[in-house]
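Glad to have you here. Let's go through this structure together, one question at a time.

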Amino acid sequence: MDRRTFLKIVGMGSVSMAVGCSPDPYNAPRPEKNLFSLIHAPEDMVVGRTSWYATTCRECPAGCGILAGNREGRLIKVEGNPLHPVNRGKLCMRGQAALQGVYNPDRLRSPYLKSDGGWRAITFAEAEGMLLEKTAQAAGSGDNRVRMVTEVIGDTLLQLCTETLTQYKSAPPLVFEPLGYESLKSANEIVFGVRGLPSYRMQQADLLIAFGADFLDTWLSPVEYARKFMQMHALDGGGKGRFFFVSPYQTLTGANADLWLDCRPGSEAVVALGLLREILKLGRPTGLSRKLRYQLGNTASAYDKATVSKLTGISVQDFERLTEALRRAGRPLVLGAGLGNGSSNSLQTDVAVNLLNLILDPDLSLFDFEQRHRVEVAASLFDVKETFRKFAEDPPALLLLNNVNPVYAVAGGGEIEKAISNPATYTVAFNSFMDETSVLADLIFPVRHFLETWDEYSGKQVPVSTLQPAMGRLTDSPTLGDLLLKTVDGNKRSAEGYKGHLVGRMLSRADINGELDWLKAVQQGGIHQLPEPKRYKGRAGGPAAEKIEELFSTLAEPHASGLTLAAVPTVRFFDGRGANRPWLCEIPDPITRVAWQTPVMMHPDTLKQQGLKHGESVQVKTDRGNLEAPVYLTHSVRPGMLVMGIGQGHTAYGRYAEGQGTNPLRLLPAETDPRTGGPHFVTGGVQVAKTGRKAKLANTDGSRSQHGRKIALTVGLDSLADLTKKKKSGLTMSDFPLVLPLPEGYDPKLDFYTPHQHEGYRWAMAVDMDRCIGCGACAAGCYAENNIGIVGDKQVMQGREMAWLSVERYEDPDDARQLVFLPLMCQHCDNAPCESVCPVYAPHHNKEGMNNQIYNRCIGTRFCSQNCPYKVRRFNWFSWRWPEPLELQLNPNVTVRSKGVMEKCSFCVQRIKQAHGLAKDEDRSIRDGEIVPACVQTCPTEALAFGNLMDPGSKVRKLAEDPRAYQIMGYLNTKPAVFYLKKVIQKV
Amino acid sequence: MEVLITLITLAALTLGLLILARKYRVSLSQNKAAFFWTLVLVALTIGSLYLIYTPPGTRMGPEQPIPFSHQLHVGVKSIQCQFCHPYVDSSIHPGLPPVEKCLYCHNYIIAKHPQILKEHRYFNTKTPTPWVKANYLAEHVVFNHQRHIKKEIECQQCHGAIETMDRVKGRYFYMEFCIQCHREKKANLGCWLACHS
């Protein structure tokens with residue numbers, strides 16, 4: 001380099017330095033900002049305060065009641081509606097993520113018309129005109145020319161669809177739901193004579209046996225059953241209900257069982273028949289006809305302990321433990337096959353289970369046939385496929401698809417794809433996203449999101465659950481109801497708009513009497529008084545014996561050898577509709593702790609046998625196709641099983657879904673079950689082949705083991721009494737006391753710093769690990785409340801995820817099948833290791849005991865994170881972006897952190913401040929239970945509690961004094977303000 | 001006003017120079033050029049200092065879409081602050097008046113004024129008025145108006161003599177400003193519990 005060049009570079013360098021550094025950041029010119037005034041001030045909007053609107057969640061067919069929080073016209077949070085009988089104020093992570101549906105950056109803002117192979121945006125008026133014209137044309141061309149396939153919708157809208165189609169001399173709409181419970185419905189029809197889905201009074205049971213029914217993940221109504229399960233299974237008066245899970249793989253539900261019996265895939269029915277045999281042997285009165293009883297006895301007699309053990313792979317001892325528990329149980333409830341167990345024997349399993357219930361309790365007092373789950377209106381997959389197959393022979397002129405994605409969700413749905421893309425059929429997809437189905441349509445017509453509409457949807461039959469717009473409209477899209485009414489001839493219309501139609505129908509059905517009732521219903525999110533429960537009056541003598549005999553004679557052999565693949569719906573993505581919500585992708589799977597990806601779960605024995613390693617990329621092949629996925633070693637599946645979650649691997653559905661993970665449905669057989677018409681989610685004849693590539697897993701768990709560090713502790717039910725006896729005093733890993741983070745916990749021999757003085761309050765949290773099911777709803781609530789950044793899979797792999805609260809999963813060192821879930825957030829220690837190492841005092845201990853992170857003070861040394869034994873501090877490696885309009889969801893009470901700043905759980909300080917304000921207004925102190933952090937608010941099983949530790953009567957103080965309470969790594973003398981209650985393991 | 005001050009200063013400077021010249025017996029006629037240039041230099045210095053530090057409009061806030069005068073509405077007409085900023089004692093934000101509220105009065109008072117007609121246009125076309133923000137606070141701080149009003153802190157204590165301002169000047173509130181008062185009044189000094197979150 002010559003002198004001139006050197007000087008040039010130096011010169012340029014100094015100039016760019018000078019330009020880059022503003023001399024005085026405080027007085028640097030700022031871009032001008034605007035404050036926009038409203039035209040009219042709505043009565044219920046106070047700037048700076050959240051208004052809550054009661055509505056109903058439509059993220060899955062369960063129909064939980066929600067309160068949608070609106071701040072200055074935009075929705076910032078959804079929470080459960082405490083008045084709603086389904087979910088009682090709680091919500092799952094998919095419900096929390098409903099906001100990311102309404103604000104999804106890939107949501108279509110206008111209709112799209114297919115022209116010359118591409119898409120052209122058109123206006124809503126144009127699209128409406130085209131729709132009316134096409135319907136008129138189609139209706140004029142003959143009978144049954146307009147067809148409709150819809151997701152499960154409320155009765156009012158479904159009736160309106162039917163009426164509209166009848167006007168066009170066409171058949172009623174086909175209700176499609178990928179998880180349609182065909183087997184359970186058929187079994188209920190056979191045994192109870194009810195082709196429907198009764199709900200269960202699970203909370204009243206003392207023994208629960210599930211043959212794969214994953215009621216804590218996705219089955220029927222997960223939030224409701226999580227609550228009921230915990231009522232039944234929580235420690236109460238020294239004892240707890242028992243729960244057995246019979247399935248070849250665990251899922252979240254099985255991970256919460258007292259005993260998981262890992263039967264061979266397809267052998268659940270054998271276990272159920274074995275149980276039938278044992279129960280019949282007792283000779284109790286059954287209420288069954290003699291013939292049926294005789295015949296059942298005959299069928300079941302073949303399944304003695306040894307045979308069951310041989311066929312299912314369950315040890316004789318385990319099976320005996322199951323039968324013994326059932327024999328002793330006072331109010332047992334047996335649940336059938338899960339969605340993922342849709343194997344060839346699922347109908348037999350469900351029928352055997354129903355018979356078991358009928359024999360154990362002829363009154364079926366734990367069944368509620370009045371409150372049936374709405375999803376029962378869905379057609380069977382066979383009917384859906386058949387309908388589409390017929391479209392190929394006789395294509396309708398117009399096909400309307402309402403928010404369904406069968407092209408993705410149906411295994412081997414070639415006929416569906418063909419029918420939709422058939423040029424003879426004009427297909428209109430009422431869908432807000434370009435998904436696999438709508439890209440094949442001729443016109444994509446976005447309709448309003450459920451948080452923007454008036455409607456009614458009852459997840460169960462009797463109570464009315466209303467929907468109301470909780471915010472202004474983000475797009476000009478109309479509601480489906482309004483559109484349908486428009487297609488009807490003016491003088492035949494029941495009302496001008498769908499809202500009028502809805503109110504009219506509710507009046508005519510006497511759900512409401514007049515305006516006041518309507519307003520009350522809207523305010524409370526529906527009419528929630530449940531009718532008096534009726535007793536079950538079944539068929540005398542039970543079902544026909546011949547039918548049962550015939551059914552069990554066709555019991556297929558369980559998959560005994562070779563590899564079997566199960567595709568299971570997950571708590572995160574349900575049937576795949578959650579895959580475009582970044583929170584759901586970012587929050588890792590409860591069992592694998594892998595985010596963004598779809599690993600294939602395998603038992604270590606399978607890995608050994610196949611010569612594979614954890615984290616290796618593997619090719620999974622069936623005769624339907626193949627896919628590549630990372631291997632995940634786990635003890636939560638039985639040897640020979642390959643388990644993959646459904647929901648990812650979309651080829652279209654927006655930026656968060658496309659190309660993330662893989663879709664195991666591609667590997668499943670296209671045939672439906674001949675008896676039930678349901679899909680197969682399990683298939684045999686699977687081959688795996690090495691690819692030689694190493695996959696990088698986007699997992700957030702450091703380790704599955706605690707390495708003896710006393711993080712997530714358990715206690716045996718029988719040794720509960722010992723907990724109170726021992727007084728611990730040492731500071732070793734095996735012997736450490738619980739020290740309250742209060743001045744009374746100060747010990748001059750141990751503590752270097754003087755105690756913190758608190759003024760009135762010392763906030764603390766208690767986590768009952770025995771109640772925690774690991775569902776991750778708390779984490780989603782935290783993401784929503786605290787503006788936590790989404791980092792994506794690449795950054796998760798680098799360990800840069802931002803979750804303030806993560807539900808850690810640990811394997812029991814003695815039994816790797818036993819998982820313990822531990823919601824971990826900042827422990828707000830009294831002796832906080834983070835505080836003492838920060839060179840700029842950014843972590844600050846406040847008067848109420850909390851550890852504050854002062855963002856603008858933080859210079860990003862990351863010393864605090866290094867010194868934190870709980871590893872709950874998160875560093876912003878980048879300024880995370882919220883693609884428009886996702887930023888509208890951000891909570892204005894919480895700072896959006898930027899690059900170079902450390903952050904962590906704040907105990908939802910914004911809510912604490914709010915409570916302080918309210919208490920000051922009313923000149924009182926804050927009441928116990930008044931402050932509810934986002935995680936505590938949403939927990940379906942009430943595992944979390946928050947309150948003032950200085951108040952001796954507070955819930956959190958009482959929990960801290962529980963003999964099960966301990967502090968994580970208490971031997972470090974950090975004196976955390978989060979108390980964990982040991983999980984109670986009961987031997988069954 | 002500013003121009004007057006400038007002229008007086010310049011005159012005083014000239015006079016001062018003349019007095020100095022007489023005192024040191026410097027002939028004005030012999031050093032005409034030097035005097036002229038000295039004067040020009042001094043004038044330029046003062047002029048540029050003035051332009052840098054107190055340009056016209058420094059004491060005024062940003063130009064607003066409608067030249068609303070707080071001096072007239074608060075000072076002369078004595079309208080209560082809460083009439084237009086209704087949530088000040090019940091929420092963290094005081095709130096801005098909706099366009100509708102302006103027209104409660106201005107449908108009758110100077111109804112045909114061109115600026116009021118502009119207001120009508122905002123109303124008729126449902127356009128939110130794009131007022132320009134004058135007061136700034138760091139985004140990691142939540143200031144709660146309600147709490148301060150409940151403690152009977154006058155609006156003017158932070159916002160200045162609003163009743164004398166035509167175009168509100170506003171300010172950038174720094175931590176120093178808040179903390180001084182919080183110290184004097186023995187108010188909450190906890191980082192999170194008081195301001196940050």
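Q: Which residues of H6(A) are buried?
A: This is a predicted model, in which local features need pLDDT of at least 70 and side-chain atom pairs count only at pLDDT 80 or more, while totals for chains, interfaces and linings use all residues. Residues are numbered from 1 along each chain as its sequence is written, with chains lettered from A and ligands numbered from 1 in the order in which they are written. Helix H6 of chain A spans residues 182-192, and 10 of its 11 residues are buried (20 or more other C-beta atoms within 10 Å of a residue's own make it buried, 12 or fewer exposed, and anything in between partly exposed, with C-beta atoms placed from the backbone; helices, H or I of at least four residues, and strands, E of at least two, are DSSP runs numbered from the N terminus). The buried ones are Glu182(A), Ser183(A), Leu184(A), Lys185(A), Ser186(A), Ala187(A), Asn188(A), Ile190(A), Val191(A) and Phe192(A).

Q: Which helices are included in what covers the buried residues of H6(A)?
A: Just after H6(A), Gly193(A) has a positive phi of about 75°. The cover of the helix's buried residues includes strand E13 (332-337) of chain A, and also the helices H13 (346-360), H14 (381-393) and H20 (545-553) of chain A.

Q: Which helices of chain A each supply at least two residues of the side of domain 3 that touches domain 4?
A: Domain 3 of chain A covers 182-377 and domain 4 covers 561-694, with bounds from an automatic or database domain assignment. Their C-alpha centres lie 26 Å apart, and the contact takes 20 residues from domain 3 and 24 residues from domain 4 of chain A (two residues are in contact if their C-beta atoms, placed from the backbone, lie within 7 Å). On the domain 3 side, the residues divide into 7 nonpolar, 10 polar and 3 charged (Ala, Val, Leu, Ile, Met, Phe, Trp, Tyr, Cys and Pro count as nonpolar, Asp, Glu, Lys and Arg as charged, and the others, Gly among them, as polar). The helices that each supply at least two residues of that side are H6 and H8 (251-255) of chain A.

Q: What is the bridge partner of Leu207(A) in E11(A)?
A: Strand E10 (residues 207-211) of chain A has 5 of its 5 residues buried. Leu207(A), Ile209(A) and Phe211(A) point one way, while Leu208(A) and Ala210(A) point the other way. E10(A) runs parallel to strand E11 (residues 242-246) of chain A, joined by 4 bridges (strands pair if DSSP finds at least two bridges between them). In E11(A), the partner of Leu207(A) is Arg242(A).

Q: Which residue in E25(A) stands opposite Ala567(A)?
A: A closed barrel of 6 strands in chain A runs E21-E25-E22-E24-E23-E26, with mixed pairing. Within this barrel order, E21 (residues 563-568) and E25 (residues 641-645) of chain A pair in the parallel sense over 5 bridges. Opposite Ala567(A) in E25(A) stands Met644(A).

Q: Which residue in E1(B) is the bridge partner of Asn34(A)?
A: The contact between the chains takes 33 residues from chain B and 31 residues from chain A. Helix H5 (99-106), strand E1 (130-132), helix H7 (145-150) and helix H10 (191-195) of chain B give two or more residues to the side touching chain A. Strand E1 (residues 34-36) of chain A and E1(B) pair in the antiparallel sense over 3 bridges. The partner of Asn34(A) there is Val132(B).

Q: Why does His106(B) count as partly exposed?
A: His106(B) has its place in helix H5 of chain B. Leaving aside neighbours within four places in sequence, His106(B) is in contact with Ala111(B), Ile116(B) and Glu119(B). His106(B) counts as partly exposed because its C-beta neighbours inside 10 Å number 16.

Q: Over which residues of chain A is the pLDDT below 50?
A: Chain A averages a pLDDT of 91, and 97% of the residues score at least 70 (pLDDT is the predictor's confidence in each residue, from 0 to 100). The stretch below 50 has 1 contact in the model beyond near neighbours in sequence. Where pLDDT is low, the predicted coordinates should not be read in detail. In chain A, the pLDDT is below 50 over residues 20-26.
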